[in-house]
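Please open the structure in a viewer with residue selection enabled. The tour proceeds by selections, each followed by a description of what is found there.

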Amino acid sequence: MASEYVFISDLHMGGDEQLTALDFEAELLSFLADLEERGGDVELIINGDAFGLWEYAEVTGPAKLERVIDDHPRVFEQLRATGAEIDITLIPGNHDYDLACHDSHVDRLAEFNVTLEQEISITREVGDGRIWIEHGQQRDPNNRMPDWGNPDALPVGYFVVQRIVAAAGRYSGWARGDWLRDIQSVAPMEEIPRWLLSNYFYREMSPFLRAIVVPLLIFFNLTLLYLFGTVLETVGLLPAQFFTDNPVVQALGVAAIVLELIVAVNLVIIAVLALVAVPLWLFRRDLRHTLERFGVVLSGVHVGQGDEPFLNAAREVFESNPDVAVFVYGHTHRASVTEWGDRVVVNTGTWLKKLQHVETRFSRLPGVYYPSFRLNYVRIFAEGDRVVVEYEEIETAQSVDLTRIQRLVARRPPRPVPIPARTVIDPDGRLELPEVESDSEPDLDLDVSSDAGSRSTSVGEGVKRADEGDRVDEERERSR
């Protein structure tokens, strides 16, 4: 066993067409080179989703890994060099589940000094305690493997990725820019329709059409105010000419005519929406009942979820394995360090681009998905009779990939919640779990690409999250 463990996860290298692009290649190569230079009794553990094998539609089986190796030769050569100085261990996640299904992958990765352990979870000794390591897909009902190691036993998440993410990679070259490949950074996947609408509006829409639509949307609230004011004038609650034929507006000249035209168009739109709203609601209701009669209903599958299932799993591991001091998982792409007395739960986050939905400065314009990176790794080692968990972030020079209009209208998101750089625990100490609330339903309504900071609260009430620092939600579960 090593004396120091370094963890990263969710690199998602690979995929059809533009999905195979690696935005953070320079940072990854530098990180691996630093480990090579340090050497020593160190083990790098990549706890799942190192590769995006699900994102390939044209190749199957071991050929997927070969595609990744061919597309990223510099990374694999650096893995070979780093692996000659320290141990490198890889476990499968859901996106690279193929690694658990074909024994040939063990030998192939060994050529690059990477040890593949085809297990759903592994452990490592650290001082007087142990580290429990997994990717976490088994805690996710949409990505849980029904028969581990069976290449044909695939969860619903695989088919979602194949139909949506892999398809986006194949069609990404048709878009204006390479924004479509960022679909793998949209989380939860229920956000994809809103993300597509936002990018259509700001990137794909004809500039001439957008020049017409933007003023209409910006002045939509003004139109509602104007409509409400004219009604008040009509019933005598406001003096005449307060809204209609306002002398200040008339003094604007040509600008007044443009403003009145925009208001008139918006009034027509509002009238049309009001006329069709009721029929459309009745049609939707009748269609749903008709489909139900024929036994055709929507699946109701929700891909997004919070960290609560994983914290529940950590609690069970701690309670059944008193010598486990640290529980490490990934999968959700939300880096965090959660401290429960002398036990720690670590989420290793992701190296993918993160997208945060932010509102615009102007009402009615679609929100903007603000990109950012939070490249990170976690070090765990013994220090005397204590166990130390260190969280490190890697500086990146990645630019904010937004169009000029997106930069103009988007509010800048707040900084992400900081994660403690150093946490020290006693593996012989107590596990302290706060009480679980029993009168609340769990709230799994998640937003995009959230990072969470340190938490010392319960599985039930303490799943504190922040949309890159924008807000902190609380998730609760019923008492068992």
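The stops below run from the whole chain to a sheet, two loops, the salt bridges and a surface patch.

**The whole chain**

Begin with everything displayed, and bear in mind that this is a predicted model. The chain contains 12 helices and 16 strands. Of its 480 residues, 50% count as buried. About 22700 Å² is exposed by the chain, and 55% of that area is supplied by carbon and sulfur atoms. Among contacts with a separation of 6 or more, 72% are accounted for by residues 24 or more positions apart.

**The five-stranded sheet**

Select the strands β5, β6, β7, β9 and β8, which in that order make an open sheet with mixed pairing. Which strands stand at the edges? They are β5 (121-126) and β8 (336-340); each has a single partner strand, so one side of each is left without a neighbour in the sheet. On average, neighbouring strands of this sheet are turned by 20 degrees against each other, direction ignored.

Add residues 308-320, helix α11, which packs on the sheet and touches β6, β7 (324-329), β8 and β9 (343-347). The direction of α11 makes about 155 degrees with that of β7.

**The β5-β6 hairpin**

Restrict the view to β5 and β6 (residues 129-134), which pair in the antiparallel sense over six bridges. Two cross-strand positions may be picked out: S121 stands opposite E134 in β6, and T123 stands opposite W132 in β6. Two residues lie between the strands of this hairpin, where G127 takes a positive phi near 60 degrees.

Now display the side chains of β5, which alternate along the strand. I122, R124 and V126 point to one face and are buried, whereas S121, T123 and E125 point to the other face and are not buried.

**Two non-glycine residues with positive phi**

Select D10, in the loop between β1 (4-8) and α1 (25-38). This residue has a positive phi of about 55 degrees although it is not a glycine. Is D10 buried or exposed? With a relative accessibility of 0%, D10 counts as buried.

Move next to N113, in the loop between α4 (104-110) and β4 (115-116). N113 also is not a glycine and has a positive phi, of about 60 degrees. Its relative accessible area is 30%, so N113 is partly exposed.

**The surroundings of D96**

Select D96, in the loop between β3 (87-91) and α4. D96 is buried, with a relative accessible area of 0%. Which residues does D96 touch, not counting those up to four places away in sequence? They are G48, D49, A50, F51 and L53. A distance label between the C-alpha atoms of D96 and A50 should give 7.0 Å, although these residues are 46 residues apart along the chain.

**Salt bridges**

The structure holds 20 salt bridges; three are visited here. Select R108 and E66, whose side chains meet with an N to O distance of 2.6 Å. R108 lies in helix α4 and E66 in helix α2 (residues 63-71), so the pair ties together parts that are 42 residues apart in sequence. E66 counts as partly exposed, at 27% relative accessibility.

Select E390 and R379, which form a salt bridge whose closest N and O atoms are 2.4 Å apart. E390 is in strand β13 (residues 386-393) and R379 in strand β12 (residues 376-383), so this pair ties together parts 11 residues apart in sequence. E390 is buried, with a relative accessible area of 12%, and R379 counts as buried at 16% relative accessibility. Extend the selection to E4, R38, E383 and R422: with R379 and E390, these residues are linked in a network of salt bridges.

The remaining pair is R386 and D426, whose side chains meet in a salt bridge of 3.8 Å, N to O. R386 lies in strand β13 and D426 in the loop between β14 (422-425) and β15 (465-466), so the pair ties together parts that are 40 residues apart in sequence. R386 counts as partly exposed, at 34% relative accessibility.

**A nonpolar surface patch**

Finally, switch to a surface representation and select V268, V272, L275, V276 and L280, which make a nonpolar surface patch of about 460 Å². V276 is placed in helix α10 (residues 254-293). V276 is partly exposed, with a relative accessible area of 34%.

Notes
Residues numbered from 1 in each chain as written. Predicted model: local features only at pLDDT ≥ 70, side-chain atom pairs only at ≥ 80, totals over all residues. Heavy atoms only, no water. Patch = residues over 30% accessible without salt bridge, like charges linked within 9 Å, V, L, I, M, F, W, Y side chains within 5 Å. Areas by Shrake-Rupley, 256 points an atom, 1.4 Å probe, with all protein chains shown as cover. Salt bridge = Lys/Arg side-chain N within 4 Å of Asp/Glu carboxyl O. Helix = DSSP H or I, 4+ residues; strand = E, 2+ residues; numbered from the N terminus. Buried < 20%, exposed > 50% of the residue type's maximum accessible area, 1.4 Å probe, protein only. Pairing = 2+ DSSP bridges. Axes fitted to C-alpha atoms, helices over the stretch in contact; angles between N-to-C directions. Contact = heavy atoms within 4.5 Å.
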